[in-house]
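Open the model in your viewer and keep the selection panel at hand. The tour goes stop by stop.

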Amino acid sequence: MFNECKSLPEYVLEETKRLFHKYRPIEIDPHMPLDEKVVYMIEWWSKTGDLLKGFPLPQEEIAEVAKRFKDGLRDGTHQMFFDLNQLEVPCLVFSAGLGDSVVSVLRQANVMYPNVKVISNFLQYSSDGTLNGLQDKMIHTFNKNETALKGTEYYDLVHDRDHVIVMGDSLGDAGMADGIPSSSYVLKIGFLFDHPEQNLPRYMETFDIVLIDDQTMDVPRAILEMIKNKSHQ
């Protein structure tokens, strides 16, 4: 989505595409060990941050692009976010992508409720209004966990929760509940898209529920509905 911004120089678009084709296969490689992948993910985002420097890119432009992508959320996302807000359940969105784009899409889709917080990589601006890379504390696919939350306003929000539902489409997403007290109940839902036959065994070991090529929020919404009904009994 971010690459649709008209202020991005051509050299940035070309290099971003080259980096994607180099590192994305590594990210989803079902055979490469996790510790090796982490090195490449840090390298990928460091190079991306270095690219995003020295030219203007207004936030309004990102918001305009987000209008075209607001309908790309999973089916049932709007209702689920609405229900979570009504129930005052904290909803933490971890993204290894660009946080500015994530927040813009959520706002355009009218689901950026007060209970929704986004932990991601956000653009950094110089005093003259030009881009100056990404803010510190890089979030990549394999460090979406308690470490990324420490020192933020969100840490206490989730650290003391007794029941947590974790959802993600990467094996690294299962670690988002790391650091939560062992007395807590954590349900992990994995969405599997890449190399399903090769990755299914590892996903089954990592997640409690694995959904293959599921573009909906039907399962988590059904679970939430069961919890709501149980609490009303």
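**Stop one: the aromatic cluster**

Select Phe 20: at a relative accessible area of 40%, Phe 20 is partly exposed. Buried here means under 20% relative accessible area, exposed means over 50%, and partly exposed lies in between (1.4 Å probe, protein chains only). This is a predicted model, where local features need pLDDT of at least 70, side-chain atom pairs count only at pLDDT 80 or more, and totals for chains, interfaces and linings use all residues. Residues are numbered from 1 along each chain as its sequence is written, and side-chain values use heavy atoms, with hydrogens and water left out.

Now add Trp 44. Its relative accessibility is 12%, so Trp 44 counts as buried. Add Tyr 23 too: Tyr 23 is buried, at a relative accessible area of 0%.

How are the rings of Tyr 23 and Trp 44 arranged? Tyr 23 and Trp 44 are stacked, 5.8 Å centre to centre, with 15° between the planes. Rings of Phe, Tyr and Trp (its six-membered ring) pair if their centres lie within 6.5 Å; planes under 30 degrees apart count as stacked, over 60 as edge-to-face and the rest as tilted. Tyr 23 lies in helix α1 and Trp 44 in helix α2, so this pair ties together parts that are 21 residues apart in sequence. Helices (H or I, at least four residues) and strands (E, at least two) are DSSP runs, numbered from the N terminus.

Across the whole structure, a search finds four aromatic pairs. Phe 20 and Trp 44 make an edge-to-face pair, at 6.3 Å centre to centre and 65° between the planes. Phe 20 is in helix α1 and Trp 44 in helix α2, so the pair ties together parts that are 24 residues apart in sequence. Add Tyr 40 to complete the selection: Phe 20, Tyr 23, Tyr 40 and Trp 44 form one aromatic cluster.

**Stop two: salt bridges**

Show the charged side chains. A salt bridge is a side-chain nitrogen of Lys or Arg within 4 Å of a carboxyl oxygen of Asp or Glu. By this rule there are nine.

Select Glu 43 and Lys 47, which meet in a salt bridge at 3.8 Å, N to O. Glu 43 and Lys 47 are four residues apart in helix α2 (residues 34-51), so about one helical turn separates them. Add Lys 22: a network of salt bridges links Lys 22, Glu 43 and Lys 47.

Move to helix α1 (residues 10-27), where Arg 18 and Glu 15 are three residues apart, about one helical turn. Their side chains form a salt bridge at 2.7 Å, N to O.

Next, pick Arg 24 and Asp 194. Their salt bridge is 3.0 Å, N to O. Arg 24 lies in helix α1 and Asp 194 in the loop between β7 (185-192) and α8 (196-206), so the pair ties together parts that are 170 residues apart in sequence. Arg 24 is partly exposed at 24% relative accessibility, and Asp 194 is partly exposed at 28%.

**Stop three: strand β5**

Select residues 130-134. Is strand β5 mostly covered or exposed? Mostly covered: four of its five residues are buried.

Strand β1 (residues 53-56) runs antiparallel to β5, joined by two bridges. Strands pair if DSSP finds at least two bridges between them. Pro 56 has Thr 130 as its bridge partner in β5.

Strand β4 (residues 123-125) is also joined to β5 by two bridges, again antiparallel. Here Tyr 125 stands opposite Leu 131. β4 and β5 form a hairpin with four residues between them, and Gly 129 in the turn has a positive phi of about 90°.
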